[in-house]
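Me: Please take a close look at one part of the model shown below. Start from a single residue, then work outward to the parts around it and give the numbers as you go.

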Amino acid sequence: MLFRSLCSAASYGFYTVLSKAMLEDDEPLLVVSLSTVIGSFILLIFLPFVEPVSSITSLSIFIWIVIILLAIFPTAIAYFLWFDVLKKMEASKASFFIFLIPVFTTILAWLTLGEVVTFFVIFNAFLIIFGVGLANTE
């Protein structure tokens with residue numbers, strides 16, 4: 001488990017640094033598109049080893065619509081915004097904004113699912129926001 005976590009962190013760091021280098025010459029939309037296409041092809045190579053192809057081809061139209069909507073809205077838009085920020089900031093500072101994902105997830109879960117937000121959750125969200133702000137202070 002530790003090895004996988006370290007490999008994940010290292011690959012994410014490599015991806016961020018490589019993306020930052022690409023953003024010096026290219027626009028965020030191009031970098032997002034290129035990384036999405038390359039990532040999709042890599043995933044398609046390993047797909048048959050993880051999931052039977054028949055389980056994918058038997059998905060209902062509703063499930064495909066949900067997959068497409070998830071690919072467009074939260075994924076594509078979020079990555080476009082991420083690359084736009086990455087183009088304007090240092091990679092080391094921009095990477096701290098990833099820590100805000102649990103804060104936004106909590107807010108959206110509260111708004112859409114009616115999940116209970118306790119004082120402990122609010123306190124931790126404050127700590128995360130404070131930490132990100134502190135890390136990005138000059």
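Reply: Lys 93 is located in helix α5. The model is a predicted one. Is Lys 93 buried or exposed? Its relative accessible area is 16%, so Lys 93 counts as buried, the cut-off being under 20%. Leaving out residues up to four places away in sequence, Lys 93 touches Ala 135, Asn 136 and Glu 138. Of these, Ala 135 is the residue at which helix α7 ends, since that helix covers residues 119-135.

Helix α5 itself runs from 91 to 94 and is among the elements that cover the buried residues of α4. The others named there include α1 (2-23) and α2 (28-50). The residues of α4 that are buried are Trp 82, Phe 83 and Leu 86.

These three α4 residues also appear in the largest nonpolar core, which has eight residues: Leu 23, Val 31, Val 32, Trp 82, Phe 83, Leu 86, Ala 91 and Ala 94. Two or more of them are supplied by each of α2, α4 and α5. The largest share, three residues, is that of α4. In general, nonpolar side chains tend to be buried together in soluble globular proteins.

Which residues does Leu 86 touch beyond its neighbours within four places in sequence? The contacts of Leu 86 are Thr 16, Ser 19, Lys 20, Leu 23, Ala 91 and Ala 94. Among them, Leu 23, Ala 91 and Ala 94 are listed as members of the core as well.

Phe 83 has a second role. Together with Tyr 15 and Tyr 79 it forms one aromatic cluster.

The helix that carries Trp 82, Phe 83 and Leu 86 as its buried residues is α4. Helix α4 spans residues 61-88, which is 28 residues, and its first and last C-alpha atoms are 40 Å apart, close to the 40 Å expected at 1.5 Å a residue. There is a bend of about 30° in α4 at Ala 76.

Helix α2 can be described in the same terms. Its 23 residues should span 33 Å at 1.5 Å a residue, and the end C-alpha atoms are 31 Å apart, which agrees. A kink of about 30° is placed at Leu 44, shortly before Pro 48. The buried residues of α2 are Pro 28, Val 31, Val 32 and Ser 35, and they pack against α1 and α4. Val 31 and Val 32 are also core members.

Next, the charged pairs. How many salt bridges does a search of the whole structure find? The search finds two. In one, Glu 27 pairs with Lys 87, with the closest N and O atoms 3.7 Å apart. Glu 27 is in the loop between α1 and α2 and Lys 87 is in helix α4, so this pair ties together parts that are 60 residues apart in sequence. Glu 27 is exposed at a relative accessible area of 52%, while Lys 87 is partly exposed at 30%.

The other bridge joins the side chains of Lys 88 and Asp 84, at 3.2 Å from N to O. Both residues are in helix α4, four residues apart, or about one turn. An α-helix has 3.6 residues a turn, so residues three or four places apart point the same way. Lys 88 is exposed, with a relative accessible area of 64%, and Asp 84 is partly exposed at 23%.

The aromatic pairs come next. The structure holds five of them. In the pair of Phe 119 and Phe 123, the ring centres are 6.2 Å apart and the planes stand at 25°, so the pair is stacked; the cut-off for stacking is under 30 degrees. Phe 119 and Phe 123 are four residues apart in helix α7, and therefore about one helical turn separates them. Phe 119 is exposed, at 66% relative accessible area, and Phe 123 is partly exposed at 39%.

One residue remains, in helix α6 (residues 101-113): Ile 101. With a relative accessibility of 48%, Ile 101 counts as partly exposed. The C-alpha atoms of Ile 101 and Phe 49 are 30 Å apart, and the two residues are 52 places apart along the chain.

How values were computed: Residues are numbered from 1 along each chain as its sequence is written. This is a predicted model: local features need pLDDT of at least 70, side-chain atom pairs count only at pLDDT 80 or more; totals for chains, interfaces and linings use all residues. Side-chain values use heavy atoms; hydrogens and water are left out. The expected span of a helix is 1.5 Å times one less than its number of residues. The bend at a residue is the angle between axes fitted to the seven residues ending there and the seven starting there. Buried means under 20% relative accessible area, exposed over 50%, partly exposed in between (1.4 Å probe, protein chains only). Contact means heavy atoms within 4.5 Å. Rings of Phe, Tyr and Trp (its six-membered ring) pair if their centres lie within 6.5 Å; planes under 30 degrees apart count as stacked, over 60 as edge-to-face and the rest as tilted. A nonpolar core is a set of buried Ala, Val, Leu, Ile, Met, Phe, Trp, Tyr and Cys residues joined through side-chain atoms within 4.5 Å. A salt bridge is a side-chain nitrogen of Lys or Arg within 4 Å of a carboxyl oxygen of Asp or Glu.
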